[in-house]
Amino acid sequence: MTHTGRHFLQIPGPTNTPDRVLRAMAAPTLDHRGPEFAELAGEVIDGIRPVFGTTRPVVIYPSSGTGAWEAALVNTLSPGDRVLCFETGHFATLWQEMARNLGLDVQVIPGDWRHGVDPQRVADELTADTERAVKAVLVVHNETSTGVTSRVAEVREAIDSTGHPALLLVDTISSLGSIDYRHDEWGVDVTVGGSQKGLMLPPGLGFNAVSEKALEASETAKLSRSFWDWRPILAANEKGAFPYTPATHLLYGLREALLMLQEEGLPNVFARHQRHAEATRLAVRGWGLEVLCADEREHSGSLTGVIVPADHDADKIRAVILDQYNMSLGAGLGKLAGRVFRIGHLGDFNDLMLAGTLAGVQMGLSVAGVPVDPSGINAALQRLQLP
Ligand SMILES: *Cc1c(COP(=O)(O)O)cnc(C)c1O
């Protein structure tokens, strides 16, 4: 089928890159050791901090989010160190696999992929760890495979309540710039981010926000590292430089994206995402379908996971929607393959884009033969008439 008009990219990342950001990147390549670059670097190195809710350094890598995961581990840990992890979904599982591959002792608390990290369980496990073998707690803030957001502030309180010295490492790849997050206030040691979700950039930048305690840990950490080593990067950053050729064009884009977030105001950005998430849940429930997230406190602002009836294949529904309406939705990942699809509503997005998205999902479900209540979308449209 020939498609006209704009493709609807409603996967939960990569997200739609705003025209402003695309234009900012359409620039000649510049000398990454010259004064013009130093100015750009200075602006983005400083400008990214408020997005993490930190006044401390943020390391920017030319990498995917997966690279920034590795950086968080190799800069803070040593071979055989125990890390406490939670099976909240596909991305948490991948980060755990990486930790295992790097030679860490990975303790996994099983989960049902419908709940976030249980803060009480964190407290229980750390209390039981009288030998202080656990060196870090790993949390995925927004599980992109499920649409469940873990309560990081409560996890921090749980760790503090035990007096345990473990570091707290948090993945915010699909929540940064979409869901309220506070690196400093919540006492997170390393926050991992990526460019292609809430930050509205193409893929290709990874981030580590680093606490004082994490920086201290990096002095004695013994996992092998070279490219990912924070120290030479932070030293070069002080002079507006990098120890290698940085992704200059993505940094042009980052400067523009940071300006857009600043213009809207982060609290407004977060409220917009929550409102769109709420409208999406109203539509899903209006259709008579079930939202994957099973805890009202943990609904994601960036995406919604939808369970399809047992006699239907979520991937076939997505294929119909792509073919007929030119819209991409997120697939069920890992053990949710075929059972779930995911609606991304993050990044550069507005009410009518959401209305179009939900209309496409509703029509696609009908065309694919899933029995849905066609008045389902109305609840969402009613919600979008309110602030
Ligand atoms: C997308 C994502 C990743 C992986 O990022 P890549 O850029 O694909 O390496 C990791 N964690 C979460 C929560 C994500 O959403």
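1. A word on terms before anything else: the angles quoted here are taken between N-to-C directions and run from 0 to 180 degrees, with axes fitted to C-alpha atoms, for helices over the stretch in contact. Also keep in mind that this is a predicted model.

2. With that in hand, look at helix α13, residues 351-367. Helix α13 lies across β1, β13 (327-331) and β14, and its direction is at about 85° to that of β1.

3. Those strands belong to an open sheet. Five strands make it up, in the order β1-β13-β14-β12-β11, and the pairing is mixed. β1 (8-10) and β11 (290-291) are the edge strands; each has a single partner strand, so one side of each has no neighbour in the sheet. Helix α11, spanning residues 266-287, packs on the sheet too, where it touches β11, β12 and β14. The direction of α11 makes about 10° with that of β12.

4. How do β12 and β14 pair, parallel or antiparallel? They go antiparallel: β12 covers residues 303-307, β14 covers residues 340-344, and five bridges link them. If you want a spot to click on, Ile 307 sits opposite Val 340 in β14.

5. Now over to β8, residues 167-171, which is mostly covered, with five of its five residues buried. Both faces are covered: Leu 167, Leu 169 and Asp 171 are buried on one side, and Leu 168 and Val 170 on the other.

6. Which strands pair with β8? One is β5 (residues 134-140), parallel to β8 over five bridges. Another is β9 (residues 190-194), also in the parallel sense, over three bridges. Asp 171 is handy for tracing this: its bridge partner in β5 is Val 140, and in β9 its bridge partner is Val 192.

7. Asp 171 and Val 140 turn up again around the ligand. The other residues listed there are Gly 13, Ser 64, Gly 65, Thr 66, Phe 91, Thr 144, Ile 173, Ser 174, Gly 194 and Pro 203. Sorted by class, the shell has four nonpolar, seven polar and one charged residues. So where does the charge come from? Asp 171 is the charged one, because Asp counts as charged while Gly, Ser and Thr go with the polar group.

8. Last, the annotation. An unreviewed UniProt entry lists residues 9-332 as "domain: Aminotransferase class V". In the model, the end C-alpha atoms of residues 9-332 are 16 Å apart, and the span is 42% helix and 17% strand.

Key: Residues are numbered from 1 along each chain as its sequence is written. This is a predicted model: local features need pLDDT of at least 70, side-chain atom pairs count only at pLDDT 80 or more; totals for chains, interfaces and linings use all residues. Two strands pair if DSSP finds at least two bridges between them. Helices (H or I, at least four residues) and strands (E, at least two) are DSSP runs, numbered from the N terminus. Two residues are in contact if their C-beta atoms, placed from the backbone, lie within 7 Å. A residue is near a molecule or strand if its C-beta atom, placed from the backbone, lies within 6 Å of it. UniProt positions are given in the numbering used here, feature names are shortened, and annotations may be inferred rather than shown by experiment. A residue is buried if 20 or more other C-beta atoms lie within 10 Å of its own, exposed if 12 or fewer, and partly exposed in between; C-beta atoms are placed from the backbone.
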